[in-house]
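Thank you all for making the time this morning. I would like to walk you slowly through one structure, beginning with its sheet and then moving on to what is packed around it and inside it.

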Amino acid sequence: MVKLKPLSLLPFLVATARASSAQGREEFASALPQEELQSLCRRHPTWNNSDGTIDHERCKDALGFEPFEKDFLSNNPPEFRGGRKAPWFQNMENCMTEKSKNRPREFQSETTPAEPTVSALYPDKHSPTLAVVDFALSDEEAATFQDLRDCVKHYHPRQFVRRSFAGPDDDFEQEGGNDATFVGGFMQLFAPGVAAKLCETARVAWKKSEWFTIEAGKISFQFDPCKMGMRTTEYLSYDPSGWSALGGHTDIDTMYTILLLLSDPSEYKGGEFFMKPWDWGGEEQHLKLVFKPKRLQALVFLSDLEYHGVQRITEGTRRALTVEIWPYANPPLGVNRPQTFEFEHYLDTGSWEGTGSYDGYFSSDPKTREMYYYEGQE
């Protein structure tokens with residue numbers, strides 16, 4: 001008779017225990033009331049928690065939001081190659097997990113975050129083009145977005161740019177610019193709860209402003225923002241030593257822009273957001289609305305219509321999040337802010353090659369190759 005060593009059973013016992021634990025979590029999660037499951041998903045913007053009771057699928061169903069419904073991220077899911085996680089995906093996942101563990105306790109609330117609520121409409125409530133939305137993000141969601149920006153900037157530095165808004169014939173100082181980290185696509189993958197909340201923020205503004213109606217031909221028909229794609233998601237910063245202002249402009253080919261302040265107004269001087277309403281004469285007139293939103297308060301506006309910018313900051317740092325929503329899909333992962341003709345070119349050819357902003361996008365940058373290619377497979 002062959003005697004088994006006591007340790008020979010250990011792998012089997014461990015595997016059995018893990019399977020039993022996973023099954024227990026599945027049963028527990030499926031037994032949770034819908035409201036409790038929704039609360040868990042809203043309190044964990046990564047749609048993962050330590051005990052495994054929530055995940056992407058459960059939160060997607062509970063909140064009725066699919067981050068990949070309108071994009072190209074899921075055509076060839078970048079996170080797996082040959083059944084294994086790609087190195088870049090694992091690095092991002094580990095980075096987000098580590099930052100979450102080290103987050104101060106005050107950001108980790110046990111209560112469900114407040115729902116986004118419209119508190120004001122401008123320039124008037126009868127035909128508004130801008131809505132002020134309170135509770136656009138919770139502290140936990142904002143901290144998760146900051147973690148995402150830090151991880152993207154560290155592992156994918158080409159997503160960070162010092163962006164000038166001045167053209168060849170413009171006054172460089174007058175037009176200004178901003179430091180931008182593009183996190184579109186990364187947000188849907190690693191912070192889907194933040195994407196869901198931003199979608200809801202735009203939607204409550206859309207409903208309250210009644211942008212889905214046509215009144216006297218003043219405002220064109222505007223679609224439900226949650227039925228469209230996020231053209232770009234950006235972390236922006238301004239300070240006196242770098243970009244201190246942003247010249248007036250419109251977001252051409254974008255239907256809605258969400259501007260959410262991550263800094264408290266007491267942290268900087270100047271840096272007010274301004275808008276010259278179309279109804280008042282737009283760019284050509286001198287009157288303008290000026291806003292200095294509270295931290296985590298959002299301005300949602302019709303950005304292809306309204307001329308807007310940021311006044312000069314004289315002290316401190318102004319940090320903000322911006323999302324542009326357009327009537328196309330979410331761009332592929334890693335693409336920053338495509339122009340309409342570039343996106344249409346991509347739809348026709350399946351490639352960014354031949355477009356001015358992304359010529360050779362997938363082939364000429366070694367960092368991009370490392371990110372999108374895994375063991376020789378695109």
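**Sheet, helices and cores**

Before anything else, please keep in mind that what you see is a predicted model.

Let me begin with the open sheet, which has eight strands in the order β3-β4-β13-β9-β16-β7-β6-β5, with antiparallel pairing. At its edges are β3, residues 117-122, and β5, residues 160-164, each of which pairs on one side only. From one strand to the next, the twist averages 25°. If you look at β4, residues 130-134, and β13, residues 298-302, you will find the two running antiparallel and joined by four bridges, and there V132 has L299 of β13 as its bridge partner.

Helix α5 packs on this sheet, where it touches β5, β6, β7 and β16, and its direction makes about 85° with that of β7. The helix α5 also meets α2, since the buried residues of α2 pack against both α3 and α5; those buried residues of α2 are L37, Q38, S39, L40, C41 and R43.

What, then, lies in the interior? The largest nonpolar core holds 59 residues, of which W88, L148, M187, F190, L198 and L260 touch the most other members, and helix α8, residues 192-209, gives the most to this core, with nine residues. Taking L260 as an example, and leaving aside its neighbours within four places in sequence, its contacts include L198, L296, A320 and L321. There is also a second, separate core of 20 residues, among them Y238, L259, L299 and V310, and here we meet L299 again, the bridge partner of V132.

Note on methods
Residues are numbered from 1 along each chain as its sequence is written. This is a predicted model: local features need pLDDT of at least 70, side-chain atom pairs count only at pLDDT 80 or more; totals for chains, interfaces and linings use all residues. Side-chain values use heavy atoms; hydrogens and water are left out. A nonpolar core is a set of buried Ala, Val, Leu, Ile, Met, Phe, Trp, Tyr and Cys residues joined through side-chain atoms within 4.5 Å. Buried means under 20% relative accessible area, exposed over 50%, partly exposed in between (1.4 Å probe, protein chains only). Contact means heavy atoms within 4.5 Å. Two strands pair if DSSP finds at least two bridges between them. Axes are lines fitted to C-alpha atoms, for helices over the stretch in contact, and angles run from 0 to 180 degrees between N-to-C directions.
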